[in-house]
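Me: I'm new to this one. Could you walk me through a few spots in it?

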Amino acid sequence: MVEGGMKCVKYLLFVFNLIFVIAGIGLIAAGAYVKVKLDQYYDFFGSDYVGPGILLIIVGVIIFLLAFFGCCGAIKENYCLTMTFAVFLGIIFVLEIAAGIAGFVLRDDIDREIDDILTKTLPKYNNSSGIRKTWDSLQDEFHCCGPDNYTQWKSMGIFSGDNLPASCCKDSKLACSTNDTSNIYNEGCVSKFEDWLKDKVAIIGGVGIGLAFVQVVGILFACCLARAIKKEYEVV
């Protein structure tokens, strides 16, 4: 009966580790996506926002390796391997909860950071090819114009006459100027980019916290299996 129960726990732990493997691959993919996406705006943020993507990749790799480690412990019914897996999984659990909470807290700082960065880089549009390319990419992708609206391009005297960057207009084939406001994106880029970034932070934070609580079940199964293995050794 005890042996049958141990086998049941072993197979359940094995299944949970397969889930962790998939989750690890998912985190690596998500981290790569975030890093590539934010790299497009490197001229705005520099290396300040490189961390989140790299962190996701690192956590994904660690979870993937731990899951493989746990599978070996379950299959071989090795007490040390199984308990080591449970301890490391517990450490990752604490780190994921902390990272998830930090992500939600940092969402409140995004507004100020984005507004400050976009406002400071706007006057440099004609002086830096990198900033110009980034601004055009931002406005084209998010269908926005200027930090708050298109009038900021005019107030700073970046363009002569009524002209605006081509990326500010819905139809790039037409001349982009304030003479035809119906062809200009009405929303500012600050609010658009903030919403996008907050959504991604919320998703990543939610997934991290959700995965952390799933790991609790894995820790319990690992401890139960380790206890059963230890009892079997004592009987022998």
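What follows is a short chat about aromatic rings, a surface patch and a contact between distant residues.

Me: Before we start, what kind of model is this?
Reply: Keep in mind that the values we'll go through are computed. The model itself is predicted.

Me: How many aromatic pairs are there?
Reply: Two rings pair up if their centres lie within 6.5 Å. By this rule, the count comes to five.

Me: How are the rings of Tyr125 and Trp153 arranged?
Reply: Their centres are 5.0 Å apart, and there are 80 degrees between the planes. Planes over 60 degrees apart count as edge-to-face. So, with 80 degrees against that cut-off, the pair is edge-to-face.

Me: How many residues apart are Tyr125 and Trp153?
Reply: Tyr125 is in the loop between α4 (79-121) and α5 (129-142), while Trp153 is in helix α6 (residues 151-155). The pair links distant parts of the chain, and the separation is 28 residues.

Me: Is Trp153 buried or exposed?
Reply: Buried means under 20% relative accessible area. Trp153 has 0% relative accessibility, so it counts as buried. Its partner Tyr125, at 5%, also counts as buried.

Me: Which helices does the pair of Trp135 and Trp153 tie together?
Reply: The ring centres are 5.5 Å apart with the planes at 70 degrees, so this pair is edge-to-face. Its two residues are 18 apart in sequence. Trp135 lies in one helix and Trp153 in another, so the pair ties together α5 and α6.

Me: Which residues form one aromatic cluster?
Reply: Trp153 pairs with Tyr125, and Trp153 also pairs with Trp135. Trp135 and Trp153 are both buried. The cluster is made of Tyr125, Trp135 and Trp153.

Me: Now the outside: which helix gives the largest share of the nonpolar patch?
Reply: The patch on the surface is formed by Ile25, Val61, Phe64 and Leu65, with about 340 Å² of accessible area together. Three residues of the patch come from a single helix, and that largest share belongs to α3 (residues 51-76).

Me: Is Phe64 buried, exposed or partly exposed?
Reply: Phe64 is found in helix α3. Buried is under 20%, exposed is over 50%, and partly exposed is in between. Phe64 has a relative accessible area of 34%, so it is partly exposed.

Me: Last one: how far apart in space are Thr82 and Cys223?
Reply: Thr82 is found in helix α4, and at 2% relative accessibility it counts as buried. In sequence, Thr82 and Cys223 are 141 residues apart. In space, C-alpha to C-alpha, the distance is 7.5 Å.

Methods:
Residues numbered from 1 in each chain as written. Predicted model: local features only at pLDDT ≥ 70, side-chain atom pairs only at ≥ 80, totals over all residues. Heavy atoms only, no water. Phe/Tyr/Trp six-rings, centres within 6.5 Å; stacked < 30°, edge-to-face > 60°. Helix = DSSP H or I, 4+ residues; strand = E, 2+ residues; numbered from the N terminus. Buried < 20%, exposed > 50% of the residue type's maximum accessible area, 1.4 Å probe, protein only. Patch = residues over 30% accessible without salt bridge, like charges linked within 9 Å, V, L, I, M, F, W, Y side chains within 5 Å. Areas by Shrake-Rupley, 256 points an atom, 1.4 Å probe, with all protein chains shown as cover. Salt bridge = Lys/Arg side-chain N within 4 Å of Asp/Glu carboxyl O.
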